[in-house]
Amino acid sequence: MIKAIAIDDEIPALKIIENFCERTGLIELQKTFSKPNEALKHLRKFPTDLLFLDINMPSMSGIELYKSIEQNTMVIFTTAYSEYAVEGFNLNAIDYLLKPYSYERFLQAVNKANDLSLVPSKLDKNQAQYLFVRADYSLVKIAINDILFIEGLDDYLKIHIINSAKPVVARITMKGIMEKLSLAEFIRVHRSFIIPFSKVENVRKKIISIGGKEIPIGSSYEADFFAIFKK
């Protein structure tokens with residue numbers, strides 16, 4: 001059984017989660033909270049496996065709450081506002097339930113959590129496995145491990161992907177995408193290029209080779225790159 005708590009400022013929403021958890025036979029819902037601060041106090045004393053977490057709460061958003069807890073805990077976000085989906089998934093959420101959701105949709109999310117609970121070593125809330133960007137008037141999901149390098153073009157980026165002939169062209173700045181990436185894995189090496197350390201094939205003088213592409217190291221980024229790369 002997966003141990004869980006639910007946090008939502010609306011009592012009827014908590015009652016629905018209670019009912020649905022009981023029906024699944026997979027979730028032991030230990031407590032419910034309508035006040036985020038009380039939930040945080042509980043989590044500091046009693047870590048849990050899974051959070052059902054509303055995003056849009058008046059005193060503290062679910063995003064803020066999840067970022068503030070120290071332990072790696074699975075999370076299923078719930079909200080009536082679809083515009084929060086991107087940020088929720090960038091935090092490596094198990095799933096995102098848009099209210100009002102059916103029991104079948106709830107069970108689908110719980111099954112994802114159950115599958116992941118069997119391989120807990122894969123879960124790290126500080127290291128998202130996917131990146132979500134807006135491209136071609138839609139939301140595109142990119143596996144972070146598949147990124148070869150990122151090329152900046154004014155207010156747009158080209159995200160070059162392994163085994164893909166065409167890059168994903170996304171409307172986002174270099175600064176904006178760096179905020180979504182792990183600084184332990186990615187580094188900006190030029191005003192127009194971000195690279196993942198794991199994809200570097202070789203470095204010769206001030207040129208990095210990745211996937212058959214030669215990427216220059218800018219003079220203002222050189223010291224930081226070589227200080228980390230030599231380690």
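Here are some notes on a few parts of this structure, which is a predicted model.

1. Start with helix α1. This helix takes in residues 11-24, so to speak a run of 14 residues. From its first C-alpha to its last it reaches 20 Å, close to the 20 Å expected at 1.5 Å a residue. Right after α1 comes Gly25, whose phi is positive, near 75 degrees.

2. Now look at how α1 sits among its neighbours. Which residues of α1 are buried? They are Ala13, Leu14, Ile17, Phe20, Cys21 and Thr24. These buried residues lie on the same side of α1, because they cover an arc of only 130 degrees around the axis. Turn to the other side of α1 and you find Pro12, Lys15 and Glu22, which are exposed.

3. What covers the buried residues of α1? The cover includes three strands, β1 (2-7), β2 (27-33) and β3 (50-54), and also the helix α5 (103-117). Try showing these elements together with α1 on your screen.

4. Next, the sheet with strands β13, β14 and β15. It is an open sheet of three strands, in the order β13-β14-β15, and the pairing is antiparallel. β13 (202-204) and β15 (213-216) each have a single partner strand, so one side of each is left without a neighbour in the sheet. That is what standing at the edges amounts to for β13 and β15. On average, neighbouring strands of this sheet are turned by 30 degrees against each other, if you ignore direction.

5. Zoom in on one pair from that sheet. β14 covers residues 207-210, and its antiparallel pairing with β15 runs over four bridges. If you want a particular bridge to look for, take Ser209, whose partner in β15 is Glu214.

6. Thr78 is worth a click too. You will find Thr78 in strand β4, residues 74-79. Is Thr78 buried or exposed? Its relative accessible area is 1%, and buried means under 20%, so Thr78 counts as buried. Leaving aside residues up to four places away in sequence, Thr78 touches Asp8, Leu53, Asp54, Ile55, Leu97, Lys99 and Tyr101.

7. Last, Glu38. Glu38 belongs to helix α2, residues 36-45. With a relative accessibility of 41%, Glu38 counts as partly exposed. How far apart are Glu38 and Glu151 in space? The answer is 44 Å, C-alpha to C-alpha, while in sequence Glu38 and Glu151 are 113 residues apart.

Terms used
Residues are numbered from 1 along each chain as its sequence is written. This is a predicted model: local features need pLDDT of at least 70, side-chain atom pairs count only at pLDDT 80 or more; totals for chains, interfaces and linings use all residues. Side-chain values use heavy atoms; hydrogens and water are left out. Helices (H or I, at least four residues) and strands (E, at least two) are DSSP runs, numbered from the N terminus. The expected span of a helix is 1.5 Å times one less than its number of residues. Buried means under 20% relative accessible area, exposed over 50%, partly exposed in between (1.4 Å probe, protein chains only). The arc is that of the directions from the helix axis to the C-beta atoms. Contact means heavy atoms within 4.5 Å. Two strands pair if DSSP finds at least two bridges between them. Axes are lines fitted to C-alpha atoms, for helices over the stretch in contact, and angles run from 0 to 180 degrees between N-to-C directions.
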